[in-house]
Amino acid sequence: MRTVLRLPAAAAVAVLVVLLAVLVPPAGGAPDRQGMEQLLVIGHRGASGHRPEHTLASYELAARMGADSIECDVVSTSDGVLVCRHENEISGTTDVADHPEFADRYTTRTVDGVELSGWFTEHFTLAELRTLRAVERLPGVRQENTLYDGLFAVPTLAEYLELREELSGELDREVGAYIETKHPTYSDSLGLSLEEPLVADLRAAGLADEGDPVFLQSFETTNLRELDAEVDVPLVQLLSATGAPADLVAAGDPRTYADLSTAAGLAGIAEYADGVGPAKEQVIPPAADGTPAEPTSLVADAHAAGLLVHPYTFRNENSFLPDELDRGTDPAAYGDALGEQLRFWAAGVDGLFTDQPDTGVLTRDLFLEDAAG
Ligand code: G3P
Ligand code: CA
């Protein structure tokens, strides 16, 4: 993966380097990472801070902003086609509620122990789903993105992979695919297993072998073990600050994400995966009562197990920043996102998921510039 450095004007760099020296604590104890150039900026759901998430427009913008990889979450249609949505319940990210022909499909389901009411992709054929249009998930925080409501379709995984290929050619660099299977155990229970069509789509795109620019990720464990036997691309075990993997819960296995996040748990993950994707508060918990935010041992423990660390999710708006990094009181206003991300690069993470890939590229490049001295 090639780093794209976009250096600001020399004078601005000089000022920023001085600022970094003040803002960024020394990365004491961080492992000697070879290939600092591989620090990965992952466009979370594309460039979802700038376009409705999981649309081809969002993915394309992420690549053009310099994201190394573009994230696609996948769920299944009733006819077994993988499509790009963060969840199988689509009332928050499409205009399905405005389609009277689908009104009778409004229903309630329990997904991973959570009761949800709405419309579910598994009740729509691909042809039906394609009559819907994407809308902004967070219109209150991202009013500007509502400009694009109604313009874009729900893409298939195959279309996302085709776009990745086209953009890689145009931009003369390999734009990475970073694909998450959503609710695999639930999907299995419907007879709509995600892994087989995923592997088929990857193979069709020539992206299932060692060295191909792909990461596969999941909050569950069993399907990653299955994928480990099927493909030779890197796998990432997603972690969470709370709860437990749905497959382990279903199997009566008492292990939680907290268990998986210990040094011993990480060593177990390293048997089948190449990295972990923790929630960002697992890496640097928010400061409390004026106490400076300090990293946990997660990065060091993961690196000791040979695992990459790609935390989620970095967002520029005050709504999603720790209180001490807010600027003003408007939840939609941008806070000190640069300061937050620079803390994480300094803590030794190998990449980060961000809704604003332009910000991620900026902080990564500032960090590298500072590290180069
Ligand atoms: O996959 C990394 C991150 O996206 C996990 O959170 O809920 O946004 O898929 P989520
Ligand atoms: Ca995801």
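I will go through the overall make-up of this predicted model, then its salt bridges and one charged patch on its surface.

To begin with the whole chain, the protein has 14 helices and eleven strands, and buried residues account for 52% of its 373 residues. If we take the contacts between residues at least 6 apart in sequence, 66% of them join residues at least 24 apart. The exposed area comes to about 15500 Å², of which carbon and sulfur atoms supply 54%.

Turning to the charged pairs, the structure holds 20 salt bridges, and I will pick out a few of them. Arginine 105 and glutamate 128 meet through their side chains at 2.7 Å, N to O; arginine 105 sits in the loop between strand 3 (82-84) and strand 4 (107-111), while glutamate 128 belongs to helix 3 (residues 126-129), so this pair ties together parts that are 23 residues apart in sequence. Arginine 105 counts as partly exposed, at 23% relative accessibility, and glutamate 128 counts as partly exposed at 22%.

Glutamate 340 and lysine 280 form a salt bridge whose closest N and O atoms are 2.9 Å apart, and here helix 13 (residues 337-346), which carries glutamate 340, is linked to helix 11 (residues 280-283), which carries lysine 280, across 60 residues. Both glutamate 340 and lysine 280 are buried. Elsewhere, Arg45, Glu53, Glu87 and Arg137 are joined into one network by salt bridges that share partners.

Finally, on the surface, Asp209, Glu210, Asp228, Asp232 and Asp274 form a negative patch. Aspartate 274 lies in the loop between helix 10 (263-269) and strand 9 (275-277), and is partly exposed, with a relative accessible area of 36%.

Conventions. Residues are numbered from 1 along each chain as its sequence is written. Chains are lettered from A and ligands numbered from 1 in the order in which they are written. This is a predicted model: local features need pLDDT of at least 70, side-chain atom pairs count only at pLDDT 80 or more; totals for chains, interfaces and linings use all residues. Side-chain values use heavy atoms; hydrogens and water are left out. Patches are made of residues with over 30% relative accessible area and no salt bridge: like charges are joined within 9 Å, nonpolar side chains (Val, Leu, Ile, Met, Phe, Trp, Tyr) within 5 Å. Accessible areas come from the Shrake-Rupley method with a 1.4 Å probe; for residues, only the protein chains shown count as cover. A salt bridge is a side-chain nitrogen of Lys or Arg within 4 Å of a carboxyl oxygen of Asp or Glu. Lys and Arg count as positive and Asp and Glu as negative; His and the chain ends are not counted. The place of a charge is taken as NZ of Lys, CZ of Arg, CG of Asp or CD of Glu. Helices (H or I, at least four residues) and strands (E, at least two) are DSSP runs, numbered from the N terminus. Buried means under 20% relative accessible area, exposed over 50%, partly exposed in between (1.4 Å probe, protein chains only). Contact means heavy atoms within 4.5 Å.
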